[in-house]
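User: Hello! I would like a close look at one part of this model, taken slowly and with the terms spelled out.

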Amino acid sequence: MFNNGNELLKLCQETKLPIWEIAVLDEMESTGADRDDILDKTAQAWETMKGSFADIEGRPTMGGLIGGEAKKLSLMDGEKTLLGSAANTAMQRAMACSQHNAAMGRICAAPTAGSCGIMPAALSTAAERLGLGDEEAIHAVLTAGAIGKIIVTNATVSGAEGGCQAECGSASAMAAAALVEMAGGSPRQALDAAAIALKNIMGLICDPIAGLVESPCAKRNASGAVNAMLSAALALAGIESIVPFDEVVEAMYDVGLEMNSRFRETAKGGIAATPTGQALAERILK
Amino acid sequence: MKKVNSIFDVIGPIMVGPSSSHTAGAAKLARIARSLCGEEIKKVTFQLHGSFQTTYKGHGTDRALLAGILGLSPSDPGLVNAYELAKEAGLEYEFVKKDLGPVHPNTIKFIITGVSGNITEIVGASIGGGEVLISSLNGISVNFSGNSYTVISIQDDTPGIVSEISRVFAKSGINMATITLSRSARGKEGTMITEIDSAPSEQDLARLRALPHVKKIICYMPVNE
């Protein structure tokens, strides 16, 4: 039905439907599933997402590099924090998801397990601020899915292929577009927000200490969630992405393909290769 | 340009973390290995190749493998308690680091001893995003993903056997998606792997087992999220 942002935008303009409605039609066409099944399955994904940040304390993780971040953030008085309560809540939830994932909790990989905190954190926080319920959030998950599908079609969401910009960058772009539709913005603004989010993280490498999905992944989930919120806020204010979404996706892929393999999930570069990263890896993997 | 079939390839899978390839994929491989064994499992040896050798504990691969052998699905929150569950079930197990040669970097070989004493050897790889490929069953090369209902028949390599098997499926209105046929040597033992679009009934499986020259029928049912 659509292979890129431009085609998606055209469909939205022709039908006067939001992105999430086009995503449903597209899914019906490509899989033969009916509308109710698609909405049910999306609702399951949303329930799983909400469940993945529910445990603020969290269990110990397999590698023991992270833990307790969400709890610390929850003890801050959101209104008095530097970023205000919305960002504080989003960061807390993103880091709760990351800990839950690293402690073998149940998550929805959207688009990947490593970036699983970004969508739940950004969407749930926005829903609360905008006074929206589960139904709107489920629609927003579909909006995000349409963006993710375009990125997978034309680039990659895999850290091993394109670095963290492909994983957390994609999650952040997907969430940014979803937030725009939740806030009543146009499909074009949603694509602009996705483009901005990807640009802000472009070039970010995947360099996990000891190869585990813990550090610096959890903090990048917090950063990705807030990046989604700021990108959506820019687009909703009418600030456009100077370079259109499709070209940004291509650029991100180009950067990913040029990335040395040390910087693509092999734990041989970046933070993983620092003396501290190496020492931690040796201790964990011994 | 890559073809993405479903939006749920991007929004999902729903799985137990931390890694789609090292946790969810490992659990799925083990769960398939369990059904290929076709009987209750007494003991299993996991031979870990490539990247599994260094990070298998940090990614919970060990727990995912044990849980899969016990029949848990990759999204079952019980994965984290796999050591306790294995103990309760009286399962014997061992993890061995082993170079399996020129195979996919995320490959595992399962050596499973059933309660009857029969040994089943399965090799499979976790190829990313929780997807897997089984590449060898008891030394015979195979190639299937475990995403479809899969029927594996071990039979005498004799003319007509393939049509006998497909007739059973046709009679029940089951559509065959892919068929892979191989044999150890001409006229010896053959293996046919059929991926089908709908679940076979117990009666279908009984009919297949009753066919002349068919020695063994194994059926794998995919996990429904």
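Which residue of β1(B) is the bridge partner of A:Cys108? Please go on from there to the interface and the sheet of chain B.

Analyst: Happy to! The bridge partner of A:Cys108 in β1(B) is B:Ile14. Before going further, some ground rules: this is a predicted model, in which local features need pLDDT of at least 70, side-chain atom pairs count only at pLDDT 80 or more, and totals for chains, interfaces and linings use all residues. Residues are numbered from 1 along each chain as its sequence is written, chains are lettered from A and ligands numbered from 1 in the order in which they are written, and side-chain values use heavy atoms, with hydrogens and water left out.

The pair sits in a junction between chains: three bridges join β1 (residues 106-108) of chain A to β1(B), and the two strands run antiparallel. Strands here are DSSP runs of E, at least two residues long, and helices are runs of H or I, at least four, numbered from the N terminus; two strands pair if DSSP finds at least two bridges between them.

Around that junction, 32 residues of chain B are in contact with 48 residues of chain A (heavy atoms within 4.5 Å). The two chains bury about 3,000 Å² between them, 65% of it on carbon and sulfur atoms; this is the accessible area (1.4 Å probe) that two parts lose on being put together, summed over both. On the chain B side, B:Ile7, B:Phe8 and B:Ile11 lose the most area to chain A, together 21% of what that side buries. The rule finds zero salt bridges across the interface (a side-chain nitrogen of Lys or Arg within 4 Å of a carboxyl oxygen of Asp or Glu).

Now the sheet: six strands of chain B form an open sheet with mixed pairing, in the order β3-β2-β4-β5-β6-β7. Since β3 (92-97) and β7 (140-144) of chain B stand at the edges with a single partner strand each, one side of each is left without a neighbour in the sheet. From one strand to the next, the twist averages 20°. Inside the sheet, β5 (residues 119-128) and β6 (residues 131-137) of chain B run antiparallel and are joined by six bridges, with B:Glu131 of β6(B) as the bridge partner of B:Gly128. Finally, α1(B) packs on the sheet, touching β2 (41-48), β4 (107-114), β5, β6 and β7 of chain B, and its direction makes about 150° with that of β5(B). Axes are lines fitted to C-alpha atoms, for helices over the stretch in contact, and angles run from 0 to 180 degrees between N-to-C directions.
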